[in-house]
Amino acid sequence: MRALDVKGFIGLEEAIELIRSEFEGRPDELIPMLQRVQNAIGYLPEEALLEIARATRLPAARIFGVVTFYAQFRLRPVGKYIIRVCRGTACHVSGSALILQDIQNHLQVAPGQTTKDGLFTLETVACFGSCALAPVVVVNDSVYGLMDSLKTRKLIEEIREKHGAIVARAGVEKGDRNGLRIFEG
Amino acid sequence: MKAVTLTIDGRAISVPNGSTVLDAIRKAGIYVPTLCHDAVLKPYGACRLCIVQIKGMRGLPTSCTTPVAEGMVVTTETEEIQRIRRTIVELAIANHPYGCLVCDKSEECELLNVARYVGAQQSSVDRMRRASLNKAVDTSNPAFDFDPNKCILCGKCVRICNEVVGRGAIDFAYRGQNTLVCTFGGRPLALSACQNCGECVEYCPTGALSAKQTIIPQREVKTVCPYCGVGCSMLLGVRGQKIVRVRAAKENSVNTEGLCVKGRYGLDFVNHPDRLTRPLIRRDDAPKGAARRKPADDFREADWNEALDRVAQGLARVRDESGADAIGVISSAKCTNEDNYIIQKFARAALGTNNVDHCARLCHASTVAAALAAFGDGAMSNSISDIDCANVLFVIGSNTTECHPIIGRRIKRAVKFNGAKLIVADPRSIELAEMADVHLNHFPGTDIALLNGIMREIVTRNLYDKKFVTERCEDFEPFLESLDRYPLEAVEEATGVAREKIQQAAMVFGKAKRAAVLYGMGITQHTTGTDNVKAVANLLMLTGNLGRRGTGFSPLRGQNNVQGSCDMGALPTVFPGYQRVSDPQVRAKFEQAWGRKLSDQPGRTLTEMFQTIHDDKIKALYVVGENPTLSEPDAEHAKGALAKLDFLVVQDIFLTETAQMADVVLPATSFAEKDGTFTNTERRVQLVRKAIEPLGETRVDWQIIADVSARMGYPMNYSSAADIMEEVAQLTPIYGGIHYDRLENGGLQWPCWNRRHKGTPILHKDKFTRGRGKFHVVHDNPPAELPTRAYPLVLNTGRILEHWHTGSMSHRSRVLEAIASESSIEISHVDAAQLGIEEGDTVSVSSRRGTVRTKARKTGRVKPGEAFMAFHWWDAPANLLTNPVLDPQAKIPEFKVASVRTMLAVLERAAEDNAFLSALAENPAGILKSYDLTPEHRSALMNGDIAAIEKWVGPLEERLKVWLKARLKQENLAEV
Ligand code: SF4
Ligand code: SF4
Ligand code: SF4
Ligand code: FES
Ligand code: FES
């Protein structure tokens, strides 16, 4: 089995500091700023958007407009594991819709939502460019090809177990704010 | 500009270079449907309805975004164009409800017009129709609703809010079918950055944005806003005798940016049921100040004859017994020029005293004094539109976007779109400070140190205008020397502003080709007010920023007609047009015109009147349209003075807190019920036109005064307001050319010497009014009251966007009151944390003069150690707290600096009889260490055991328990 990666995020204050220190505040830096913050916190909290508004002197409503226009930006926190199911043509004909339906039932979330325990976020994607492996499911940055419902379920449960073990062993919950990357032992 | 000629539908037409094809089409008088275009907005090209065919160009370009070119051949309609336009409109309606019959906007709906014009087909609309029209309607705003189902995404509202209002409260969000006009975070408008100005509503071509109460007016009357000194032109929409709608009138360059929330939605006070409609006389059994029952019960209604007789007799008695100088007359900056002229004439000629003043004493007396000394004219030197041409705008002591909103918009536009640099000096982080290039957040009352520091830097860096200084000014040398006392380090220390920022401000201002200084009460309302203004004058002369377009000295006058009231001589030392009462020649002129011997003794100022009532020197007061019980500093003192008077007449539109103390109350008309003129902050005399008949038995101010005057043996006969202005023009050189027939198109700016003179947009062009501009040596002086241990916070007072002064008008507006119904105090997060105060807590604020209760608002706008309160509320009158010390030169009070302390209201109540709590409340952490506590008490405190503490100090309120727990944590008792 391959590496299991956990997303590690920093706190809001640090992210705000980051906006101040890494950017000049030019309006054309808006998209990079948003990307940077989202990478660091995992999503775009309102306070961060307001800080970006202050830094760039763009109206907050404009920034909200940009954030909601691009599918890549998220306004709500994400889970530690982002499960992306491909809905591209190749994956579709190989049954990705069934996989998606099954995960939805299994995790009780719709695409774009995060499980109550904050562990998984479900998303869909237009095509990963790994059509040869269709249907494709991606967890964080790891690609899993030739999937079906059963395999996906198993994968999810495996992740859940391993995550539990890691937390128990290393106290990741505390450490993960510092961007820790954990590999299975 | 060069003209370009093109052909439109076969006709040749010439337009200036830089016009769009649409401009040319319109000029040719041809209709082309548009939905997203407006002349005040930048070209956008979203709706594609305005497509045309242009020879030699591919496709069908949108005429609203295509610039004209010489020899273009344009066809505005072909069959193809017709077909495309129809489809566009059908698509727009396909997702639009069919409720036109009951839509409030249908009368002016552009979508409907366009649909008719292109001939939209029901069958094709039905085919394209999507089923769901279920987006939620936002009804949170008190003035208007937003129904996204009716929105056609033309983007006008978004662009208006950005480009014209400069606010950017709304924008497009999401995409594709879900695209929506949306606030930040999708909040309801009422909780968003929206300032409720309604500009977007006026431009929205559909019913998506529409006013809550839409009654279609029968007629519209052009007049001037009665709120602030900007003097926006507006159209009052009248139905019957009611104002039902207000729109901006594009009359002149004053308010190209529309109207603010007060002007558009704040005029329903005119038709408010509280309006006085009959004269009132105090009942014999209702002594003043007793306030035993409802204020109105202290009075009985009377007819005009009886009331006017009473007034005339009451004033005559005081005059006969104690002399004319025992009477004071307070005129009103809310009244017209004509009213003010008659009021001061009444005081001077009928009564025989120069005791006439008005609220300018409380706002810009220091400006008038200082600018007269420096330049020879006490008014704004340039025009509002000069803001557009300046390279640098320096705003000091003015929260322009809230207090002069339309000028605020102009500043924002200049900064955003003309690349003007902005320097803001204000202790608070106001809206303009957030967009400023440099924000100097100096300590309150250190303006002179700051300005002198900046000037010294300008001189050291050799950035000053030597030519201007030598050729046009005098007394430069001593001034230059005086700057030696302001090296950067000293200024940094005095003002709390980092030296880099001072240097930066000096560089930006010093290097500017055209720079203007705009200031407000933050400069004038200090014991050093006059000197502050002189420092501003020095800065402008030093850098040669006077007498040219895009430069200038800009005191932003507060009241709608405070400039006019000063011009009309409602001041104790001058006749109309600033002609001194002490000048025998001037006096002779007025004596001849008015047929009476006139006093050469300067009268008492407004602030002095209140002080001398206590010494029995003033026994009767005639107050027109002012509310000094709330507007005077140390209001308790002012109220005591009013109660002590032998005779008080109040002429107003409401039974104000001041009127409640009166012997006789005379009901006047509002601005909407009379003709006249207001003079705005840029010296522009503008026509006020009667829109409705006087309510009930109310009468116009000048007519009431004229009647009293006649009863006192000095009849004044005028047939109309215009008639009065004729007399003003004869006696007042600067108004020499002001005649009503010349004011129809946007008004005139004084000085306007004669009928042919076109008015003066820019003063001091080639020479100053007084000849040479005079430099004054001014030095930094601390405010009269400094923070102490007992009163550690510096309280600043002022206004907010939604209310006006003592609120007798704005509190009676449904919309304004809904937006801001409660007073509050702004305190910093740091102080709030230290005092254990949470957002929304009721706190008690005390100064050496009094205590008020209000709601706490934690904000980053004020610095730690400072606080801000507006003075609009009678139940939390900030002026109970303010310090009545006066600027010795202009007698203006120091409204901007008072030392106060704030405390949780529940705590204050509890601490009154509880030494332990008051020790905790008043002292910094660690106080309990010095207490000799019993072991049980100590452990109760240590563990925050509230139950045990209650046993000992008695029951505590919930909020207090929470506070105590937090407070005990700071004590660190465990370490003892
Ligand atoms: S009311 Fe004024 S501030 Fe509010 S969204 Fe409309 S234009 Fe902007
Ligand atoms: S709300 Fe009105 S102005 Fe704004 S985009 Fe919709 S239709 Fe246009
Ligand atoms: S800016 Fe002043 S004059 Fe203009 S609408 Fe607002 S209150 Fe009236
Ligand atoms: S279609 Fe799924 S990876 Fe391309
Ligand atoms: S008016 Fe030209 S594109 Fe809308």
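Visitor: What makes up the shell around ligand 1, by class?

Guide: This is a predicted model, and in it that shell has 7 nonpolar, 3 polar and 1 charged residues. The charged one is Glu199(B), since Glu counts as charged.

Visitor: How do you know which residues are polar around ligand 1?

Guide: Go through the names: Gln195(B), Asn196(B) and Gly198(B) are in the shell, and none of Gln, Asn and Gly is on the nonpolar or charged list, so they count as polar. Cys does count as nonpolar, so Cys161(B), Cys194(B), Cys197(B) and Cys200(B) go there, along with Phe144(B), Val165(B) and Ile170(B).

Visitor: What makes a residue part of the surroundings of ligand 3?

Guide: One of its heavy atoms has to lie within 4 Å. Those that pass include Cys225(B), Tyr227(B), Cys228(B), Lys262(B), Gly263(B), Pro405(B) and Ile406(B). By class this shell has 9 nonpolar, 2 polar and 1 charged residues.

Visitor: Which helices each supply at least two residues of that shell around ligand 3?

Guide: Helix H7 (261–265) and helix H13 (405–417) of chain B. Lys262(B) and Gly263(B) fall within H7, while Pro405(B) and Ile406(B) fall within H13.

Visitor: Why are S1 and S2 of chain B called paired strands?

Guide: Pairing takes at least two bridges. Strand S1 (residues 3–8) and strand S2 (residues 11–16) of chain B have 6, in the antiparallel sense, so they qualify. Leu6(B), for instance, stands opposite Ile13(B) in S2(B). The hairpin has 2 residues between the strands, and Asp9(B) takes a positive phi near 45 degrees there.

Visitor: What sort of secondary structure do the two UniProt domains of chain B have?

Guide: Residues 80–119 carry "domain: 4Fe-4S His(Cys)3-ligated-type" in an unreviewed UniProt entry. That span is 60% helix and 0% strand, with its end C-alpha atoms 14 Å apart. An unreviewed entry also puts "domain: 4Fe-4S Mo/W bis-MGD-type" at residues 218–274; here the span is 9% helix and 35% strand, and the end C-alpha atoms lie 25 Å apart.

Visitor: How far apart are the centres of domain 1 and domain 2 of chain A?

Guide: 27 Å, taken over C-alpha atoms. The domain assignment gives domain 1 as 12–69 and domain 2 as 81–184.

Visitor: What confidence does the model have, for chain B and overall?

Guide: Chain B has a mean pLDDT of 88, and 97% of its residues reach 70 or more. The model scores ipTM 0.82 and pTM 0.85. Where pLDDT is low, don't read the predicted coordinates in detail.

Note on methods:
Residues numbered from 1 in each chain as written. Chains lettered and ligands numbered in written order. Predicted model: local features only at pLDDT ≥ 70, side-chain atom pairs only at ≥ 80, totals over all residues. Heavy atoms only, no water. Helix = DSSP H or I, 4+ residues; strand = E, 2+ residues; numbered from the N terminus. pLDDT = per-residue confidence, 0-100. UniProt positions renumbered as here; feature names shortened; annotations may be inferred. Domains from an automatic or database assignment.
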